[in-house]
Amino acid sequence: MSKVIAIGNNKGGTSKTTTSISLAGALASKGYKVLLIDADPQANATEACGFENPDELDVTLATIMEMLIDDEELEPGIGILHHEEGFDLMPSSIELSGIEVSLVNVMNRERILKDYITMVSPFYDFVLLDCMPSLGMITINAFACADSVLIPVQAAYLPVKGLEQLIRTISKVRKQINPNLEIEGILMTMVDGRTNYAKEIMELVKDAYGNHVRIFEQSIPLSVRAAETSAEGVSIFKHDPNGKVAMAYNSLAEEVLS
């Protein structure tokens with residue numbers, strides 16, 4: 001049985017894509033079969049994995065979802081790309097934004113992505129979904145097929161304030177669409193441990209959510225090296241394997257596995 005984890009936050013700039021790629025790399029390095037699905041029309045995860053022109057790819061997640069909407073026959077491995085660090089990628093493109101619009105008129109529209117996950121999950125130990133920074137129909141599709149949602153949150157006041165809406169949405173999806181959906185945990189990212197401000201924000205999150213939501217013990221430190229990975233097309237484990245961010249994401253993977 002594979003585990004399906006949606007990595008999402010309706011706020012941008014939370015290291016969501018970096019977390020998705022780094023967690024995929026960490027799990028793959030431990031011998032697990034991992035599929036990373038780029039469920040964001042901006043295709044940041046696709047580009048950060050080294051595929052510089054996602055709009056020129058023949059098959060992306062938009063292609064897959066369009067085929068499912070049209071009831072076309074689909075081979076499980078179609079369009080999946082292999083990353084040099086051992087995990088697979090279902091890429092995205094700007095066409096996914098058009099799919100989101102067209103889903104409005106589709107029957108059973110919240111479960112289209114679930115049909116694809118059901119098809120490919122037997123081949124993997126983990127399926128990770130890098131969600132777009134909004135709570136639109138594609139994100140709801142991701143939550144509808146996930147076992148859990150991992151929430152990266154930048155250690156700053158406004159991103160933390162936006163958590164309430166996200167958790168409310170997850171609760172609605174659990175009640176109406178996916179009763180098995182859980183919150184994998186809140187991950188504090190871009191933490192500048194030298195400042196009292198970051199410490200205060202982390203305490204604020206623990207006080208507000210710690211009693212009913214898991215907060216990962218491991219936080220992700222602020223690092224220029226981590227920001228550089230997007231341009232390099234590799235994860236932090238290849239770009240800076242002995243750095244503090246690589247160690248942090250390795251620890252996060254251990255917490256997810258536990």
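1. Salt-bridge network. In this predicted model, Lys3, Glu184 and Arg214 are joined in a network of salt bridges. Within that network, the side chains of Lys3 and Glu184 meet at 2.9 Å, N to O. Lys3 belongs to strand S1 (residues 3–7) and Glu184 to strand S7 (residues 182–189), so the salt bridge ties together parts that are 181 residues apart in sequence. Lys3 is partly exposed, at 27% relative accessible area, whereas Glu184 is buried, at 6%.

2. Asp130 and Lys16. The side chains of Asp130 and Lys16 form a salt bridge of 3.0 Å, N to O. This pair also links distant parts of the chain: Asp130 sits in strand S5 (residues 126–131) and Lys16 in helix H1, 114 residues apart. Asp130 is buried, with a relative accessible area of 0%. Lys16 is buried too, because its value of 7% falls under the 20% cut-off.

3. Asp192 and Arg194. Here the side chains meet in a salt bridge of 2.9 Å, N to O. Asp192 has a relative accessible area of 19% and is buried; the limit for that class is 20%, which is worth keeping in mind when reading the label. Arg194, at 73%, counts as exposed. Over the whole structure, the search finds 6 salt bridges.

4. Helices H1 and H12. Helix H1 (residues 16–29) and helix H12 (residues 244–257) have axes that come within 9 Å and cross at roughly 70°. The two helices are therefore roughly perpendicular to each other. On the H1 side the contact involves Thr18, Thr19, Ser22, Leu23, Ala26 and Leu27. On the H12 side it involves Tyr249, Leu252, Ala253, Val256 and Leu257.

5. Ala253. This residue lies in helix H12 and is buried, with a relative accessible area of 0%. Leaving aside residues up to four places away in sequence, Ala253 touches Leu23, Ala26, Leu27 and Lys30. Ala253 and Leu23 are 230 residues apart in sequence, yet their C-alpha atoms are 6.1 Å apart in space.

6. Nonpolar surface patch. Tyr157, Leu158, Tyr197 and Leu204 make a nonpolar surface patch of about 420 Å². Helix H7 (157–161) and helix H9 (196–209) each supply at least two of the patch residues. Tyr197 is located in helix H9. At 44% relative accessibility, Tyr197 counts as partly exposed; patch membership requires over 30%.

Technical notes. Residues are numbered from 1 along each chain as its sequence is written. This is a predicted model: local features need pLDDT of at least 70, side-chain atom pairs count only at pLDDT 80 or more; totals for chains, interfaces and linings use all residues. Side-chain values use heavy atoms; hydrogens and water are left out. Patches are made of residues with over 30% relative accessible area and no salt bridge: like charges are joined within 9 Å, nonpolar side chains (Val, Leu, Ile, Met, Phe, Trp, Tyr) within 5 Å. Accessible areas come from the Shrake-Rupley method with a 1.4 Å probe; for residues, only the protein chains shown count as cover. A salt bridge is a side-chain nitrogen of Lys or Arg within 4 Å of a carboxyl oxygen of Asp or Glu. Helices (H or I, at least four residues) and strands (E, at least two) are DSSP runs, numbered from the N terminus. Buried means under 20% relative accessible area, exposed over 50%, partly exposed in between (1.4 Å probe, protein chains only). Axes are lines fitted to C-alpha atoms, for helices over the stretch in contact, and angles run from 0 to 180 degrees between N-to-C directions. Angles under 35 degrees count as roughly parallel, over 145 as roughly antiparallel, 65 to 115 as roughly perpendicular and the rest as oblique. Contact means heavy atoms within 4.5 Å.
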